[in-house]
Amino acid sequence: MATALTLPSFSDINLSTFEARLDTLLSENLATIETILKDNTHYTWENLMIPMDALDDKIERFWSPLSHLHAVVNSKELRACYQACLPKFSAYEASILQNETLYRALKSLSKTHLSSVESHILTDQIQAFELSGVSLSAEKKSRFEAIQTRLSALSNTYENHLLDATQAFTRHFLDDTRLKGLPSHTMAAAKERASEKGESGYVLSLEAPDYIAVAMFADDRALRQEFYEAYVTRASDVGPYALKFDNSPVMNEILALRHEKATLLGFEHYAALSLATKMADSSDKVLTFLQDLAAKSKPQALKEIDALNAFAKTQGQETLMPWDLSYYAEKLRQAKYAINDEMLRPYFPTPNVMQGLFEIIHRLYGVTLVALPGVDTWHKDVMVYALKDNQQQTRGVLYVDLYARTNKRGGAWMDSCQSRRALTQTDVQIPIAFLTCNFAKPTGGKPGLLSHDEVETLFHEMGHCLHHLLTQVDYHAASGINGVEWDAVELPSQFFEHWCWEKQALSLISAHHETGETLPDALYEKMMKAKHFQSGMAMMRQLEFSLFDFKLHMGYDSRAPHWVADVLAKVRQDTAVIPIMPYNRFQHSFSHIFAGGYAAGYYSYKWAEVLSADAYSRFEEEGVFNAKTGQDFLKAVLEVGGSKSAKDAFIAFRGREPDISALLRHNGIVQYAQTS
Ligand code: ZN
């Protein structure tokens, strides 16, 4: 197949005409759909699905360069343009998903002559229409729409309450007497906050960086307790701002409406609706999965808490209260595994890490990353690479933007710029991805040095990019990261992280920036021990959140006034390994599930970890650079994108369904798992 390589020209984006051109594009798309529906009485893959796929592709190619610029070189003009465009997409999408003629056309398509990939895409699309209420009666549809509108307002209220409650609390200190132990960067920020208010001394807030610093480092126990009480009662009926920003009624209404929405669509409860678009087969499967992990991890978590208690006693602390846990955990970690970012950083100069990363990709998948010079980008630091297979065919193009700078959004992420798609029988459009990080820029002629966390982040995002770029699917709807079930999206990324914990791989990506020495064994051992520190407790915490979220959405009883608290209390009977105060209102600030997209989906974090650990364990068995195993993963998982179910893709690679034991072992929990 010939490949058509046209890269976006970022410098030609004209903001003054962009919005108008988007309007034209979207209305042309809608007109095309009308024409397709009018011109045909008998619908086929060729006259319906292929043109529809092309419309989505057109939007992605038009929108993604601008949306990317908005994230990486933001300006007032870009923001204005971006925000003006966003609502147009929601309106466009709604008008498509509410188009009953289009829905009926999709339903009329016979699957007899479709390939399995085509059939999978069609099933997904029909489901998307049905989940947006298109097939409901007029009366139910209007109720459905009212629920949707109300739910989005409620999520917003929940988030605002939490924000207001967090911001309401500050503490002013005239001097540093009570602030002993806090890191210097926390103190500097606290001082600055005070002087912004025209005051001397220090102001601490309840924002995460301050709260974590107090919990972990403040020697003043009463201070830790005060912050703990304020933090765990945010947006609730108790605590320093009791009832002022109370999320209790908001949560109840959200849960009632979600339940009603699910039943309108014919599901037993909201959890079942959530699973309709996920890899997990059933609610039972999710519960068993979480409970199994909890049962295997709890003995280890209990041992860890015993060790923490014993350590605290040696420090003169007889009984550990919730506000003591992070504080003594940090002291114990320092005592046992004195290792920090700064000790590892000199071994990870960015150029060596990148070179090693490319070598690992080459060994696993047989593809080479070749720099493409002279490509139009948004900043001189951006590198562009073609991924070439061993026939020298370009499989994809990757834009790498590693360094932090002003007007660039924080964090690290990957995004699709364009997706693979067959253009004709012989031509294919190649996929393009953006890989963005925010590492410190090299200074003074020295290379940028990465912490091991940052190396892991880089591998994670590269894992997503490889998923998008190595795909062989011919349709936009299912190529690369498109159409992948929500709870399996993180499989390729978390999977790829494993290599930066692997000794053989570390010798490829590490080289001391002064001596060239690879990471010494002693440091490697410390790094691995520190990785497992309190991993049982961390696991139990995540499982508690996941079980609470999932059970909360398995029905709703409007007659039980304390339903949310009751569900949480019941979950904690099985999962809690640390003391909890009766006034703890964690549920009032669990915005992942009440204001974010994780409702009945929080389990996905652990789910994807199990998938990726289990997939990786085949490499542990067969060799971490075994090219045959690499090819199998490429063919079974990376190349298929969203063109078949993630479960089938996983089974094709692993030869069986996912198993939790590899994850337990990677967390250092295996020895207890085997004896329990
Ligand atoms: Zn990710």
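**Note on the zinc site and the five-stranded sheet**

1. In this predicted model, the zinc ion takes its protein donors from His460 (NE2), His464 (NE2) and Glu490, the glutamate being listed with OE twice, and these atoms lie 2.1 to 2.7 Å from the metal. Along the chain, the donors follow the spacing H-x3-H-x25-E.

2. The angles subtended by the four donor atoms around the zinc ion run from 51 to 140°, and the arrangement is therefore irregular. For a tetrahedral assignment, all angles would have to lie between 85 and 135 degrees.

3. Both histidines belong to helix H16 (residues 452–469), where histidine 460 and histidine 464 are four residues apart, about one turn of the helix. Histidine 460 counts as buried because its relative accessibility is 14%, and histidine 464, with a relative accessible area of 7%, is buried as well.

4. Elsewhere, five strands form an open sheet in the order E4-E5-E6-E10-E7, and the pairing is mixed. The edges are occupied by strand E4 (368–371) and strand E7 (413–418), each of which has a single partner strand, so one side of each is left without a neighbour in the sheet. On average, and with direction ignored, neighbouring strands of this sheet are turned by 30° against each other.

5. At the E4 end of the order, E4 pairs with strand E5 (residues 383–388) in the antiparallel sense over four bridges, and alanine 371 has tyrosine 385 in E5 as its bridge partner. Helix H15 (residues 350–365) packs on the sheet and touches E4, E5 and strand E6 (394–403), while its direction makes about 155° with that of E6.

Key. Residues numbered from 1 in each chain as written. Predicted model: local features only at pLDDT ≥ 70, side-chain atom pairs only at ≥ 80, totals over all residues. Heavy atoms only, no water. Pairing = 2+ DSSP bridges. Helix = DSSP H or I, 4+ residues; strand = E, 2+ residues; numbered from the N terminus. Axes fitted to C-alpha atoms, helices over the stretch in contact; angles between N-to-C directions. Contact = heavy atoms within 4.5 Å. Donors = N, O, S within 2.8 Å, 3.2 Å for Na, K, Ca; no water. Tetrahedral: all angles 85-135°; square planar, octahedral: opposite > 155°, others 65-115°. Buried < 20%, exposed > 50% of the residue type's maximum accessible area, 1.4 Å probe, protein only.
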